[in-house]
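Hi,

Here is the structure I promised to pass on. Have a look at it first, and then read my notes below.

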Amino acid sequence: MHVLVLGAGVVGVTTAYYLSQLGCEVTVIDREHDVACGTSHANAGQLSYSFTDSLAKPDFISQIPGLLLGRDPGSRVRINPRLVGWGLQFLAQCTARNAAKNTLALLAIAMRSAELMADFKQRVSIEFSHRPAGKLILITDKNELRSAENSCALKRANGCDTHILTRQEAISIEPAVEELNEDFIATVYSETDNVADARQFTMSLREHLESSQQAVFRFNATVHAIQTEQNRFKGIILDKDCVVADAIILCTGVQSAGLLRPLGIRLPIYPVRGYSVTLPTSRGSPSVSITALRRRFVISRLGDRMRIAGFADFVGASKEADQVRIRELLQLARHIAPGAADFDATDHQPWAGNRPMTPNGRPFVGASDIKGLYLNAGHGMLGWTLAHACAADVAAAVVR
Ligand SMILES: Cc1cc2nc3c(=O)[nH]c(=O)nc-3n(C[C@H](O)[C@H](O)[C@H](O)COP(=O)(O)OP(=O)(O)OC[C@H]3O[C@@H](n4cnc5c(N)ncnc54)[C@H](O)[C@@H]3O)c2cc1C
């Protein structure tokens with residue numbers, strides 16, 4: 001069975017791996033010159049198996065006025081008709097019931113991904129700076145604490161190892177948090193969360209798949225249209241040629257909605273822009289990942305580099321403010337965690353990317369209404385975390 005994987009981000013390349021394991025002939029196609037040139041390029045690197053909390057939750061509603069009035073430094077909003085449509089669907093998910101349902105659905109995928117990652121590491125020997133780092137989330141007020149306690153209890157009841165620590169307990173696990181300029185009253189700690197470099201993983205896995213002839217990669221190949229006949233997938237139209245195959249899996253992140261619209265399939269995936277800066281470590285760099293929830297940024301150690309990533313801008317895919325936002329992220333991180341990285345280094349690497357967000361935070365994984373056309377898109381803030389389980393599921397659906 002010849003299967004096309006459209007999109008060579010972390011989701012697409014992991015999907016190619018699981019398809020090859022099931023005996024498929026796989027061709028991965030991407031418009032860029034290499035793998036991981038999209039959102040998978042320089043994300044925070046966190047395998048947040050325990051922090052699957054839905055962004056859409058009752059607390060979010062009280063943040064909306066501040067967001068719209070530009071009072072939240074961690075978020076910018078530019079209203080447009082598409083955002084209004086997506087935002088209304090997002091608001092419908094902000095009930096306690098939906099938030100719990102979505103958090104647990106993501107938790108189940110994340111926990112399976114953790115198991116599959118462990119299995120993958122036994123089978124495939126590639127380097128991607130994978131480390132069992134643990135994760136601390138800073139809690140700064142009583143409302144956040146109440147919400148975190150509820151969420152931890154819900155997830156613990158469903159098999160997840162996450163709990164609240166006092167400030168002192170957090171310092172004993174990661175001494176670097178004592179140096180933070182942030183008045184946190186408690187933390188959420190998840191020992192089993194990991195870090196790893198998504199781009200390094202994607203690049204190394206591509207090499208592995210190519211050298212073992214388990215997949216063929218085609219770059220600089222933009223797909224302009226997906227062809228169907230009698231409601232069945234037929235092929236794709238590229239710049240200069242067409243490719244036919246038995247099936248296709250769309251792993252095109254934020255671009256998925258645009259590719260599917262001509263086929264009458266509407267996916268509510270909205271780009272939520274975020275930024276990162278990669279810096280050398282310093283003597284005070286934490287080993288445990290730290291998330292400053294209220295400030296909307298995270299700090300992760302990836303090998304011998306520190307990655308500072310964050311912000312959630314609802315500005316479409318606009319790159320207009322990237323330089324300013326990256327500067328703001330760096331200034332904020334330097335202020336809150338001055339010892340976390342070598343902020344004076346000249347070789348820091350700035351980056352911006354779009355999270356493919358769905359209103360309920362859950363990805364679209366599996367068959368579409370068109371035979372032979374499958375989806376693995378819309379992983380939002382957790383694409384790296386969820387990659388293995390989603391890839392295994394969609395590959396299984398194709399060969400079923
Ligand atoms: C600042 C930031 C921090 C993040 N931190 C984390 C984190 O710590 N942990 C985590 O789990 N997730 C994190 N994420 C989210 C994660 O990075 C994404 O969910 C994930 O990268 C999505 O992967 P993807 O493969 O679906 O998309 P992409 O990596 O964007 O890949 C899609 C590919 O499709 C290709 N493509 C699109 N259209 C076409 C076309 N017409 N023809 C040919 N090719 C096409 C693109 O070129 C691209 O290569 C973060 C995101 C951001 C922005």
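How many residues lie between E15 and E16 in their hairpin, and which residue in the turn has a positive phi? There are 2 residues between the two strands, and Gly303 is the one in the turn with a positive phi, about 65°. Before you go further, keep in mind that this is a predicted model.

**Strand E16 and its partners**

Let's stay with that hairpin for a bit. Strand E15 covers residues 297-302, and it pairs with E16 in the antiparallel sense over 6 bridges. If you want to find the spot where the two strands face each other, look for Leu302, which stands opposite Arg305 in E16.

E16 has another antiparallel partner too: strand E13 (residues 270-280), with 7 bridges between them. Here Pro280 has Arg305 in E16 as its bridge partner. So Arg305 turns up in the pairing with Leu302 as well as in the pairing with Pro280.

Is E16 enclosed or open? Strand E16 runs over residues 305-313, and 9 of the 9 are buried, so the rest of the structure largely encloses it. A handy thing to remember when you look at strands: in a regular one, the side chains alternate between the two faces of the sheet.

**Arg305 up close**

Arg305 lies in strand E16 and deserves a second look. Its relative accessibility is 19%, and the cut-off for buried is under 20%, so Arg305 counts as buried.

What does the side chain of Arg305 reach at 3.2 Å? That would be the backbone oxygen of Asp347. The side chains of Arg305 and Asp347 also meet in a salt bridge, at 3.5 Å from N to O. This pair links distant parts of the chain: Arg305 is in strand E16, while Asp347 sits 42 residues away in the loop between helix H9 (322-336) and strand E17 (349-357). Unlike the buried Arg305, Asp347 is partly exposed, with a relative accessible area of 41%.

**More salt bridges**

How many salt bridges does the structure hold? The count is 17. Here are some to look up.

- Asp72 and Arg296: their side chains meet in a salt bridge at 2.7 Å, N to O. The two residues are 224 apart, with Asp72 in the loop between H2 and H3 and Arg296 in the loop between strand E14 (289-292) and E15. Both Asp72 and Arg296 are buried.
- Glu182 and Arg295: the closest N and O atoms of this salt bridge are 2.8 Å apart. Glu182 is in the loop between helix H6 (167-173) and strand E6 (186-190), and Arg295 is in the loop between E14 and E15, so the pair ties together parts that are 113 residues apart in sequence. Glu182 is buried, at 6% relative accessible area, whereas Arg295 is partly exposed, at 24%.
- Arg76, Asp313, Arg325 and Glu328: these residues are linked in a network of salt bridges.

**Helix H1**

Now go to helix H1, residues 10-21. Its 12 residues reach 17 Å from the first C-alpha to the last, close to the 16 Å expected at 1.5 Å a residue. Is H1 enclosed or open? Of its 12 residues, 11 are buried, so the rest of the structure largely encloses H1. Among the buried ones are Val10, Gly12, Tyr17 and Leu19. Just after the helix, Gly23 takes a positive phi of about 85°.

In the same part of the sequence, try Leu22. 374 residues separate Leu22 from Ala396 in sequence, but the two are 7.8 Å apart in space, C-alpha to C-alpha. Ala396 has its place in helix H10 (residues 383-399), and Ala396 is partly exposed, with a relative accessible area of 31%.

**A nonpolar patch on the surface**

Last stop: the outside. Which residues form a nonpolar patch on the surface? They are Ile61, Leu68, Ile79, Val84, Leu88 and Leu91, with about 560 Å² of accessible area together. Helix H2 (58-68) and helix H3 (81-92) are the elements that give two or more residues to this patch. H3 gives the most, with 3 residues. If you want one residue to click on, take Leu88, which is found in helix H3 and is exposed, with a relative accessible area of 55%.

Happy exploring!

Note on methods:
Residues numbered from 1 in each chain as written. Predicted model: local features only at pLDDT ≥ 70, side-chain atom pairs only at ≥ 80, totals over all residues. Heavy atoms only, no water. Buried < 20%, exposed > 50% of the residue type's maximum accessible area, 1.4 Å probe, protein only. Helix = DSSP H or I, 4+ residues; strand = E, 2+ residues; numbered from the N terminus. Pairing = 2+ DSSP bridges. Expected span 1.5 Å × (residues − 1). Patch = residues over 30% accessible without salt bridge, like charges linked within 9 Å, V, L, I, M, F, W, Y side chains within 5 Å. Areas by Shrake-Rupley, 256 points an atom, 1.4 Å probe, with all protein chains shown as cover. Salt bridge = Lys/Arg side-chain N within 4 Å of Asp/Glu carboxyl O. Polar contact = N/O pair within 3.5 Å; in protein donor to acceptor, adjacent residues only side chain to side chain.
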